[in-house]
Number of protein chains: 2
Amino acid sequence: MATDVEIAQQFTPRPITEISDALGIDREHLHPYGRDIAKIDLKALNGKSGKKGHLILVSATTPTPSGEGKTTTTIGLGQAFTQLNESVCLALREPSLGPCLGMKGGATGGGYSQIIPADRINLHFTGDFHAITSANNLLSAAIDNHIFHGNQLGIDPRQIAWRRVMDMNDRSLRKIVVGLGGKNQGIPREGGFDITAASEVMAMLCLADNAEDLKRRLDRTLVGYNYQNEPVYAAQLDVTGAMMALLRDAMQPNLVQSFEGTPAFVHGGPFANIAHGCNSVIATRMAMQHADWAITEAGFGFDLGAEKFFDIKCRIAELDPDAVVLVTTVRALKMHGGKAKDNLESEDLEALQQGLGNLDKHIESVELFNKHPVVALNRFASDTDAEVALVRARCIALGVSFAETTHHADGGKGSVELAKVVMASIKKNSPFQPLYDLDLPVVEKVRAVCKAMYGADDVAFTKDAEQDLKHVEMLGLTDLPICIAKAPSSLSDDPELHGRPRGFEVTVRQIQINAGAGFLVILTGKIMRMPGLPKKPAASNMQLMESGIIEGLE
Amino acid sequence: MATDVEIAQQFTPRPITEISDALGIDREHLHPYGRDIAKIDLKALNGKSGKKGHLILVSATTPTPSGEGKTTTTIGLGQAFTQLNESVCLALREPSLGPCLGMKGGATGGGYSQIIPADRINLHFTGDFHAITSANNLLSAAIDNHIFHGNQLGIDPRQIAWRRVMDMNDRSLRKIVVGLGGKNQGIPREGGFDITAASEVMAMLCLADNAEDLKRRLDRTLVGYNYQNEPVYAAQLDVTGAMMALLRDAMQPNLVQSFEGTPAFVHGGPFANIAHGCNSVIATRMAMQHADWAITEAGFGFDLGAEKFFDIKCRIAELDPDAVVLVTTVRALKMHGGKAKDNLESEDLEALQQGLGNLDKHIESVELFNKHPVVALNRFASDTDAEVALVRARCIALGVSFAETTHHADGGKGSVELAKVVMASIKKNSPFQPLYDLDLPVVEKVRAVCKAMYGADDVAFTKDAEQDLKHVEMLGLTDLPICIAKAPSSLSDDPELHGRPRGFEVTVRQIQINAGAGFLVILTGKIMRMPGLPKKPAASNMQLMESGIIEGLE
């Protein structure tokens, strides 16, 4: 089997101007970054109005550690629309550099469903992550500098909520002490780095309507408390203007293409637990305004990524998908049925039957939003016909649309059936219904999501979380949407509980206030905001060849 | 007086393809970054051969804290060559983001002698600094990760020489403790961040001939010692291939233009004390191979930047300037004559006369390299005719070419006289003579520079420095060139000694081994590798306007 990098050598990208011309984007609004990437000026966006294509959301069942091919399916589906001569545009998240160098490899699809140029997209791309890193860390430097120069605001160094970030998997930076070395080197205090995708600046950039809105979000960001326990906001540090300067170009969405010339806006990459997990609002709007079909994705399983897509992104940005695709795999369902993770390739109809409960739950979850999903079975070479038939039969029994896809091996052709089913499904969908009203008490909002999405019986709050709730009330932020951070590998808050867990209670341990992004982060367990490198990181396989090709990046 | 940003509004950059066409660069080798910036493929470079333009080095007398306008003079001189219809190309350093946000403002010239687009060049530009940051910090993460996963190499955490970097003025990161939080969070140890310009990766990228050479340099970089006090090199951490992948695009020089359409390669920005202080070898070669006149600069005064330009860069890269410009100002010379820094605008012929000693010394220093300088007096509005006449008279008395320039107010026209004098000067110059032979003992190399360039009587080594020397000998690196880090504000190692100090001794406090860059850093005092922000940083004045223009960045 050819590697992704080898497959990519078979395709020559078309000049990016051809791609943007096909979308009807004025050349004046195009800023090329090399020959096959461009940033598109926000002037090409007609506010919330303008032509509106149908929006298709791609989500998934609860994933295995290696993922179920959600991004690859999204790209394959886009290519299928292109094959059908439909006007289509993708809206995807940007990969983070840190994980590419660590465990994960790239995030640009795979096989014959990839976006290109994968090497540049996976590494620095157009510098958006670097710009977010710089803006985040300017605020950090300004906080410590303010304290150093007399601390007029009385910032309490023990209560600084704003952490530094770096786009690198570096566990040694999680917990550090800064400002050592005596009077001229700063004020000693505890601090630490998160990975850049976890920066609230990332979430703000992805939710902002425009520059004005982003500036407002930056200004209202909570950076900590003073010695009187009063909040300190970013606006008080006098650097949000400079942060905007640093973010100016990062606000523009990046246009690339798939192997088959399907246009793709790839822009923004927030986490799908501590943040809302989808590409920027600006990129989604840009795709919808320039194509009849806009296809986007939400991170992790439907319970995590898609819930936030609806309750946070769609609510804030006034979006509403016309179709929902639920990607699943025989492998994942067998794992949910109890089969060992290292033995998912052999046929096991019993485990598969058992694991279908996970699919059932996600289908029900989609319907809670007033939508009717299309189940896309991302077929692997090891899947048997009997296994595929079992999943198909369950969908038919539930009255749910189903399509098998082979886009990894076959490119867009492998998803043409899926594309047709998706196009047909839009008639069945009504306007979406959020899971909770914003004016409910925070506890009730959390309970609503945990019961409806995760299948929990109830929710418990630790003392720490109750204390945090008082802060939320003090700051008058109880009407924000909630962003629950939970283990992605289970519907419950216990990462080891597979399938469709029942009879469990979710424990809320902490609540973080993302006043700038505009949501409350509800932490149900230990969520890693700064990954570490494995013993043999992906980076150790990478080489820059004389041809300029980077090997080992996949 | 209009601000630099206001002046820039008067100029519309030409498409960068027009600039590259004029240089004869194949469009195939052009990678646009927006409409007015491009990276140029290394394929456009013909190794060390190919057409060779005359190389002009711009250096300066000992600067005041606000600088003497060396970059502005370099740009103005380039514009003058353009005015004279000469084929010309600039090779300049890239600004660092941190200082732009801190004290200094931008570094793209001023008045009517600027390179554009200044806002992008001063902020993220094409991401070179970010790529260097990522490559540097990947190595850091790999070191701590190696220790975390069993430390097979036996790296001694107390003897790690490789620091993390960030392109931000953040004094709180100078001295930190990393790896806190218990067994799963890393190994606690002392560490710290330098600013990105101080990364050895920057120096390596700027001295490398090509990708192969850069890889070799990365591999041989000394990162620390094991418990047996044996050296550990970067190659042993298995990430130099990935570092190369991260640096692939950063190796390509960036092409921009001045107000008057003079092409400029702006690439690489190492410090001029702890590193060699000039733009990349690749950019200098690229300028020389595509124009009859290539104009470049070296950081700080002649004693620091130009000495390293000759003894490190020219020696390694086999370059040899055909002309040397020594920029000076009446203001700086008055300061060197004892006039107070806040009172340099009023006429003071006595202080000026006294301060001419500084100019004398730098002229003598140029001649030590077998070159004959042209003194360029960068005229300020407050300079009186009598003051200018005094400097001119001194140059005439010394038999040195002189030209007054007004490029800040007048653009290229203001440097036409200088350009003509420079063109005439090339006949007088012989091949350059380095200050020391590489096979001299390290102490003798240091003594040679301190006596000849700084005017010291002698050199003393502290016990620490002598200990460091033993390490250098142990590693067999005594034949490397030296890179002396010294206060830029004085010819001596005492920052307060202005004019032409005599009868002083230079104290060497520490020697750092930059085995990758290929030089020994000789530290003569406390050199700040991570600046701090002032009470009111430049960032606090910046705003992104609705037009997309960034105000306050100058």
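**Figure 1. Secondary structure and overall build of chain A.** In this predicted model, chain A has 18 helices and 26 strands. Its radius of gyration is 23 Å, close to the 24 Å that the globule rule gives for 554 residues, so chain A is as compact as a globular protein of that length. If you are setting up a box, the C-alpha trace of chain A spans about 70 × 55 × 50 Å along its principal axes. Of the 554 residues in chain A, 64% are buried. The accessible surface of this chain comes to about 18,800 Å², and carbon and sulfur atoms account for 49% of that surface. Contact order is worth a glance too: among contacts in chain A between residues at least 6 apart in sequence, 75% join residues at least 24 apart.

**Figure 2. A close look at A:His130 and its neighbours.** Here we zoom in on A:His130, which sits in helix 6 (residues 128-148) of chain A. Is this histidine buried or exposed? With a relative accessibility of 9%, A:His130 falls under the 20% cut-off and therefore counts as buried. Leaving aside residues up to four places away in sequence, A:His130 touches A:Leu97 and A:His124 in chain A, along with B:His130 and B:Ser134 in chain B.

**Figure 3. Helix 9 of chain B and its surroundings.** This view is centred on helix 9 (residues 240-247) of chain B, where eight of the eight residues are buried, so the helix is largely enclosed by the rest of the structure. The buried residues are B:Thr240, B:Gly241, B:Ala242, B:Met243, B:Met244, B:Ala245, B:Leu246 and B:Leu247. What do they pack against? From chain A come helix 4 (97-101), strand 25 (543-544) and strand 26 (550-551). Chain B itself contributes helix 6 (128-148), helix 7 (200-207) and helix 8 (211-219).

**Figure 4. Helix 3 crossing helix 16 in chain B.** The last close-up shows helix 3 (residues 70-83) and helix 16 (residues 416-425) of chain B, whose axes come within 8 Å and cross at roughly 80°. The two helices of chain B are therefore roughly perpendicular to each other. Which residues meet at this crossing? Helix 3 of chain B brings B:Thr73, B:Leu77, B:Ala80, B:Phe81 and B:Gln83, while helix 16 of chain B brings B:Val416, B:Leu418, B:Ala419, B:Val422 and B:Met423. Sorted by character, the residues of this contact are eight nonpolar and two polar, with no charged residue. A handy reminder for reading the helix faces: an α-helix has 3.6 residues a turn, so residues three or four places apart point the same way.

Notes
Residues numbered from 1 in each chain as written. Chains lettered and ligands numbered in written order. Predicted model: local features only at pLDDT ≥ 70, side-chain atom pairs only at ≥ 80, totals over all residues. Heavy atoms only, no water. Axes fitted to C-alpha atoms, helices over the stretch in contact; angles between N-to-C directions. Helix = DSSP H or I, 4+ residues; strand = E, 2+ residues; numbered from the N terminus. Parallel < 35°, antiparallel > 145°, perpendicular 65-115°, else oblique. Contact = heavy atoms within 4.5 Å. Nonpolar A, V, L, I, M, F, W, Y, C, P; charged D, E, K, R; others polar. Rg over C-alpha atoms; globule rule 2.2 N^0.38 Å. Buried < 20%, exposed > 50% of the residue type's maximum accessible area, 1.4 Å probe, protein only. Areas by Shrake-Rupley, 256 points an atom, 1.4 Å probe, with all protein chains shown as cover.
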